[in-house]
Amino acid sequence: MELSLTILIPVALVLVGLAVKIFFWAVNNGQYDDLDAEASRILFDDDVTPADEQVKDTK
């Protein structure tokens with residue numbers, strides 16, 4: 001029992017540290033700067049239909 005705790009506790013601490021490091025890396029690289037633009041981008045499409053794409057391909 002003690003052997004498993006001596007292995008699991010450091011492994012858990014390393015995983016938590018890695019998760020925190022990845023989170024701060026994402027924040028510093030601007031991953032959370034503009035959350036609204038990507039959320040609304042799907043709502044405002046450029047109105048190109050698949051039929052329009054086929055017409056462009058045949059020209």
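Q: What is the relative accessible area of I22?
A: This is a predicted model, in which local features need pLDDT of at least 70, side-chain atom pairs count only at pLDDT 80 or more, and totals for chains, interfaces and linings use all residues. Residues are numbered from 1 along each chain as its sequence is written, and side-chain values use heavy atoms, leaving out hydrogens and water. Buried means under 20% relative accessible area, exposed over 50%, and partly exposed in between (1.4 Å probe, protein chains only). I22 counts as partly exposed because its relative accessible area is 48%.

Q: Which helix holds I22?
A: Helices here are DSSP runs (H or I, at least four residues), and strands are E runs of at least two, numbered from the N terminus. The run covering residues 2-28 includes I22, and this helix is α1.

Q: How far apart are the end C-alpha atoms of α1?
A: The expected span of a helix is 1.5 Å times one less than its number of residues. With 27 residues, α1 should therefore span 39 Å. The model agrees, as the end C-alpha atoms of α1 are apart by 39 Å.

Q: What is the area of the nonpolar surface patch that includes I22?
A: Patches take residues with over 30% relative accessible area and no salt bridge (a side-chain nitrogen of Lys or Arg within 4 Å of a carboxyl oxygen of Asp or Glu). Like charges are joined within 9 Å and nonpolar side chains (Val, Leu, Ile, Met, Phe, Trp, Tyr) within 5 Å. Accessible areas come from the Shrake-Rupley method with a 1.4 Å probe, and for residues only the protein chains shown count as cover. Here L3, I7, V11, L15, L18, I22 and W25 make a patch of about 740 Å².

Q: How is the pair of F23 and F24 classed?
A: Rings of Phe, Tyr and Trp (its six-membered ring) pair if their centres lie within 6.5 Å; planes under 30 degrees apart count as stacked, over 60 as edge-to-face and the rest as tilted. The centres of F23 and F24 are 5.5 Å apart with planes at 70°, so the pair is edge-to-face.

Q: Which residue joins F23 and F24 in one aromatic cluster?
A: The structure has two aromatic pairs. In one of them, the rings of F23 and Y32 have centres 6.1 Å apart and planes at 40°, so this pair is tilted. The cluster is made of F23, F24 and Y32.
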